[in-house]
Amino acid sequence: MNQLTQKLKSGEMIIQELPMPAVSAGMVLVQNHYSLISAGTEGATVKTARKGLIGKAKERPQQVKQVLDVLKKQGPVQTYRAVMKKLDAYSPLGYSSAGVVIEVGEGVRDFTVGDKVACAGVGYANHAEVVSVPVNLCVKLPESADLKLAAYNTLGAIALQGIRQADLRLGETCAVIGLGLIGQLTCLMLRASGVRVVGVDIDPAIVEIAGKRCTELVLERYDPGITDSIERFTGGFGADAVIITAGSSSLDPVNFAGEIARKKGRVVVVGAVPTGFDRDPHYYRKELDLRMSCSYGPGRYDLEYEEKGIDYPAAYVRWTEKRNMEAFQELVHSRRIDIDYLTTHEASLEQAPQAYDMIVNRSEPFLGILIKYNVGKPIDRKRVELRSSAPVGTVGIAFIGAGSYAQGNLLPNLPKNDPNIVCRGVMTSSGTTSKRVAERYGFEFCTSNENDILINEDINSVFIATRHDTHARFVLGALKAGKHVFVEKPLCLNEKEQAEIREAYLAADRQDGVRTHVMVGFNRRFSPLTVLLKKKIGKGPMAMMCRVNAGLIPADSWIQDREIGGGRIVGEVCHFVDYLTFLNDSLPVAVSAAALPDPAGCEDTVTINLQFQNGSIGTIAYFANGSKDLFKEYVEVCRGGVTAVLKDFKELNIYGNGRPYSKKLFSQDKGQREMVKAFVEAVRDGGITPIPFEDIYAVTITTFKILESLRTGKIVRLDK
């Protein structure tokens, strides 16, 4: 299928052939008939992408700060990779479309193949021939619905949520500042609800259109006497509410809103404007209520709602983002609002880049710009071939999942220039990502179908770097298909999955006497300073302490979600359990843990005490509540009068047995390169798996027992 993408580095726009998106549980696959270009939001994105690096930096100072933080903590190599991953990526565009359902995912009950639907969401309702959308970002339409009008879905919901935040009553007056698409939609719905509407914009052409179509009074922002005109229109009171739908870096919209609002009135910010308003005289003396409107409505950015499809009860949250979309579509379908005039331009997908040129250059007047798709074209579900197939090598590699971590730490470290190692295929949830990764790292094809990888006889090694909740499924699939497996941590999310993986591993490892490699990405044991530390400290019972300044991750992040990310103990503390296991060369036998109380229940500020088979003891102090200015990881190991101190995998100091020893690296090295190399070479040469499966199994079960100890407050034995 074809999709419109933009390269963030240059701003170049490309119509690309990409793998058709897979339809996961709770999703619907939709063949787009129309999608709407949001001239404001998307126009700003495209304009920024076309600027040079300095221009991009000025537009996004917060991201520049993040880059500097990465540079300080991880060094230039990782910083360069992180920046180039963003800049070289193909970024999808679009977030409002309408079409017909062609497939439904597992658990979907309210949609069937053939339904007309309107779709929403950045990363979902893209400018593409086919899109995959969660059920709560998809609205079922009547059979007679006009999909051309339905494509305004997202912007209509945004406008409607702003109106709800304004909390207006029949007969009241609302001023709308900014009369672009969202402003015009706002005015139309306000009038349909019996509210008197004043429109304000800086563009005379837009003002003229609004005066004919959707406002009772419309004014150019810098008209002499504009405030007097609004005061007269409102009977001397001022506007009951002001909705700002403009996009600007100026403080004028919010200050002007304060000027024209009545005492005790409401100002609602929908558009992207700064809110550092002048407190006096208007906001302070009038006691104005300044409100923010969050996109399409309640549910936006909520993982449970958008990705898991869990709805809010209507009795408690009457208007969610989906119900806002449904209400807007009803207004359009019933013709209570007429939005036909908003479409000023229509283009094919192939003509879309020229439409963006028009927006950025403002070469002619425009409002709504629709992309119309060739729905008579057959839908291509095949994988996308990028280069001819190479001769079969000893190691045929495929990636399932290739997000930030894989692009920063796994893919760049694959051995190069070895004829026995061949990169075959990439599968990700995003066609843009899979194509970009496949091109950059020399893979033969990209796909959205896991069977293209699992039943491919030329692939014998699968790297799994997806979200944590899918690890077990893909590991099991790869093992049953006879593949070697490298899976990013964690191995799985619960003991049932772990038992199934163990059974599959043992079965696979016995086939024809061939060794099957299963490895988890516990990279820290491969760090050069770790190897040196272990050599210097020697063997035998030891006392170990690992302090991790983990940093805060919001409670609503997928990482904290027990069903998706597993939480931070299963998802990240496993690293440090493995690290201590490696240092003392024996497995954990008992664990006890205590957590700092957290109202959100995240359990990510914890102390964990471990006992090992050889008598060693270890403490993991994993703290999410520390200072960002402190380095992340500190390890201290004591044995036989010798103490080793490792700071952030950049500096190692050994004390005892003579003169202190010190080793510093130019930049942090957590062992990713050596880890990937060790796995690939083990497959190539038929050697021993770099991390014994017994270690992986014990470390994984230990993280589950840590959670048990937190629940019970007791020491939990692992050897019973």
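How many aromatic pairs does the count come to? In this predicted model, the count comes to eleven aromatic pairs, taking rings as paired when their centres lie within 6.5 Å. One of these pairs joins phenylalanine 463 and phenylalanine 679. Their ring centres are 5.4 Å apart and their planes stand at 85°, so the pair is classed as edge-to-face. Phenylalanine 463 belongs to strand S21 (residues 461-464) and phenylalanine 679 to helix H21 (residues 672-685); the pair therefore ties together parts that are 216 residues apart in sequence. Both phenylalanine 463 and phenylalanine 679 are buried. These two residues also take part in a wider arrangement, for ring pairs link Phe399, Phe443, Phe463, Phe486 and Phe679 into a cluster.

The reader may next turn to a pair of helices. Two packed helices are described by the angle between their axes and the distance between the axes. For helix H9 (residues 252-260) and helix H10 (residues 279-286), the axes come within 9 Å and cross at roughly 50°. H9 and H10 are therefore oblique to each other, and their crossing is left-handed. On the side of H9, the contact is made by Val254, Asn255, Ala257, Gly258, Glu259 and Ile260, while H10 contributes His282, Tyr283 and Lys286. Sorted by class, the residues of this contact are four nonpolar, three polar and two charged.

Helix H10 also holds a feature of the backbone. Proline 281 has its place in H10, and the peptide bond leading to proline 281 from aspartate 280 is cis, with omega near 10°. Another cis peptide bond joins lysine 489 and proline 490, where omega is about -5°. Proline 490 is found in the loop between strand S22 (484-487) and helix H18 (495-510).

Further backbone features concern the angle phi. Lysine 264 is not a glycine, yet its phi is positive, at about 65°. This lysine 264 has its place in strand S13 (residues 261-269), and it is exposed, with a relative accessible area of 53%. Phenylalanine 649, also a residue other than glycine, has a positive phi near 55°. Phenylalanine 649 lies in the loop between strand S29 (642-647) and strand S30 (651-655). Is phenylalanine 649 buried or exposed? With a relative accessible area of 2%, phenylalanine 649 is buried, because buried means under 20% relative accessible area.

Burial can also be followed along a helix. In helix H15 (residues 431-440), seven of the ten residues are buried, so the helix is largely enclosed by the rest of the structure. The buried residues of H15 are Gly431, Thr432, Ser434, Lys435, Arg436, Val437 and Ala438. After H15 comes glycine 442, whose phi is positive, near 75°.

A single residue of another helix completes the account. Serine 709 lies in helix H22 (residues 693-712). Its relative accessibility is 1%, and serine 709 therefore counts as buried. Which residues is serine 709 in contact with, leaving aside its neighbours within four places in sequence? With those neighbours set aside, serine 709 is in contact with Val591, Ser592, Ala593, Lys714 and Val716.

Key
Residues are numbered from 1 along each chain as its sequence is written. This is a predicted model: local features need pLDDT of at least 70, side-chain atom pairs count only at pLDDT 80 or more; totals for chains, interfaces and linings use all residues. Side-chain values use heavy atoms; hydrogens and water are left out. Axes are lines fitted to C-alpha atoms, for helices over the stretch in contact, and angles run from 0 to 180 degrees between N-to-C directions. Helices (H or I, at least four residues) and strands (E, at least two) are DSSP runs, numbered from the N terminus. Angles under 35 degrees count as roughly parallel, over 145 as roughly antiparallel, 65 to 115 as roughly perpendicular and the rest as oblique. A crossing is left-handed if the near helix is turned anticlockwise from the far one by less than a right angle, and right-handed if clockwise. Contact means heavy atoms within 4.5 Å. Ala, Val, Leu, Ile, Met, Phe, Trp, Tyr, Cys and Pro count as nonpolar, Asp, Glu, Lys and Arg as charged, and the others, Gly among them, as polar. Rings of Phe, Tyr and Trp (its six-membered ring) pair if their centres lie within 6.5 Å; planes under 30 degrees apart count as stacked, over 60 as edge-to-face and the rest as tilted. Buried means under 20% relative accessible area, exposed over 50%, partly exposed in between (1.4 Å probe, protein chains only).
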